[in-house]
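Trainee: I should like to go through the empty spaces of this protein with you, and then one of its strands. May we begin once the model is before us?

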Amino acid sequence: MDSIPYSRQEITEADIAAVSAVLRSELVTQGPVVQRFEQAFAQRHAVAHAVAVSNATSALHLACLALGVGPGSRVWTSPISFVASANCALYCGATVDFVDIDPLTRNLSVDRLRDKLEDAEPRGELPDVVIPVDFAGLPCDLRELRALADRYGFKLLEDASHATGASYLGAPVASAWADATVFSFHAVKILTCAEGGMVATNDAALAQRVRSLRSHGITRDEAEFEFASPGAWYYEQQTLGVNARITELQAALVLSQLGRLDDMQARREALAERYDTLLAKLPLLLPPRRDDRRSAWHLYAVEIDAARTPVRREAAFAALREAGIGVNVHYIPIHTQPYYQRLGFARGDFPAAERYYARTLSLPLFPALTHEQQDRVVSVLGSVLA
Ligand SMILES: *Cc1c(COP(=O)(O)O)cnc(C)c1O
């Protein structure tokens, strides 16, 4: 029997034709397609500015720099995320801390954040930036986070790497609430161009800083020059940026996919609902649902309910993998990684995250997953847990 991956990109003939057209054109990088993709993405997410970059790790790094993160800054994020959500602050010379998750939504807990802010304020240790993560595609509690950001004066950088196309209170993520929102177009994500990322914001000056940082801090716009231009070859490096550019090939691929976003999201949603029904009787905690937000369904992550079964996650994981089913675990809490332990974090620091990690399993979910494949996942999982 064929093996079933936990995620798989969908590349259509139309996607391939869009990339081929770029290959036959004059510019393979720094051309017009990147701009077209940025405009279409911004429109789809109802946000004023979108700046495409080489990957979401760079997007987080440059967004932090553009938000003023540097040595002495404090950045807080969720321990249940990919390491990039925390590493971005360290690249800027800032210190990182974590806020434990809400065990129901698996996103950064607003209550734990409020406690931590109240504790930090009298000590003068409030964060400069908080990076909530839309885990599995479910938008975090953005309205409450915005209120805390306004009250305590920190910037909100939303890591929506899982949440392209998701919405909160009827509006797409990135359209309101956060100061900047980051998306990923890595191969396993909602839309993909193999590697790619985006910073979206309504702040024109912030977008301009990210644009400059993605290409060495260089400008060729005469209106921005600090010195007089001696001729048409002239450009100026005004800040220290990096090369985080995305290519025309990648922009063409992900722009083509953006046209199918609603269709792909509907298929993910239907498969998630089907899992909900098929798994209802198993000793599992199913992914959370909230009436006020629509998930992008990047992941379908279940928790094995220790109160109802003695079977451990490790055993279930091994049995599913043995049966050719590509389950995965999202995530190993960042603070438990050796690198972060050496920075002073310890096991036990964020108990809700650690409890979640010990029990979770991500089941295969991608737009082309068939009902037959899904039935096989359910059947193997059912017999493991029986
Ligand atoms: C994938 C991911 C990233 C990093 O994205 P890349 O495009 O691979 O750099 C960051 N944060 C989260 C939550 C992710 O899932």
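Trainee: How do the residues that line the second largest cavity divide into nonpolar, polar and charged?

Mentor: Please bear in mind that this is a predicted model. The lining of the second largest cavity includes R8, E10, K189 and R268, together with residues such as I190 and L191. By class, this lining divides into four nonpolar, three polar and four charged residues.

Trainee: Where does the second largest cavity lie with respect to domain 1 and domain 2?

Mentor: The space in this cavity comes to about 60 Å³. Residues of domain 1 (13-258) and of domain 2 (261-385) both contribute to its lining, so the second largest cavity lies between the two domains.

Trainee: What is the volume of the largest cavity?

Mentor: Searching the whole structure yields two cavities of 30 Å³ or more. Among the residues around the largest cavity are F135, L138, P287 and W297, and its lining takes at least three residues from each of domain 1 and domain 2. Its lining comprises six nonpolar, two polar and one charged residue. The volume of the largest cavity is about 70 Å³.

Trainee: Turning to the pockets, which helix gives the largest share of the lining of the largest pocket?

Mentor: The largest pocket has a volume of about 740 Å³. Of its 26 lining residues, R211, S212, R214, S215 and I218 are the closest to the centre. Helix 2 (32-44), helix 3 (56-66), helix 7 (204-213) and strand 10 (218-219) each supply at least two lining residues. The largest share, five residues, comes from helix 7.

Trainee: Which residues lie nearest the centre of the second largest pocket?

Mentor: This pocket has a volume of about 420 Å³, and each of domain 1 and domain 2 provides at least three residues of its lining. By class, the lining holds eleven nonpolar, twelve polar and three charged residues. Of the 26 residues that line the second largest pocket, those nearest its centre are F82, V83, A84, K189 and Y331.

Trainee: Which side chains of strand 3 point to the buried face?

Mentor: Strand 3 (residues 95-98) runs parallel to strand 2 (residues 74-77), to which four bridges join it. Between these strands the chain passes through helix 4, in a right-handed β-α-β crossover. Along strand 3 the side chains alternate: T95 and D97 point to one face and are not buried, whereas the buried side chains on the other face are V96 and F98.

Terms used
Residues are numbered from 1 along each chain as its sequence is written. This is a predicted model: local features need pLDDT of at least 70, side-chain atom pairs count only at pLDDT 80 or more; totals for chains, interfaces and linings use all residues. Side-chain values use heavy atoms; hydrogens and water are left out. On a 1 Å grid over the protein atoms alone, a cavity is a set of points where a 1.4 Å probe fits but cannot get out, and a pocket is an open set with protein on both sides within 12 Å along at least five of seven lines; lining residues have an atom within 4 Å of a point. Grid points are joined across faces, edges and corners, and a volume is the space filled by probe spheres set on the points. Ala, Val, Leu, Ile, Met, Phe, Trp, Tyr, Cys and Pro count as nonpolar, Asp, Glu, Lys and Arg as charged, and the others, Gly among them, as polar. Domain bounds come from an automatic or database domain assignment. Buried means under 20% relative accessible area, exposed over 50%, partly exposed in between (1.4 Å probe, protein chains only). Two strands pair if DSSP finds at least two bridges between them. A crossover is right-handed if, with the strands pointing away from the viewer, the path from the first strand over the helix to the second runs clockwise.
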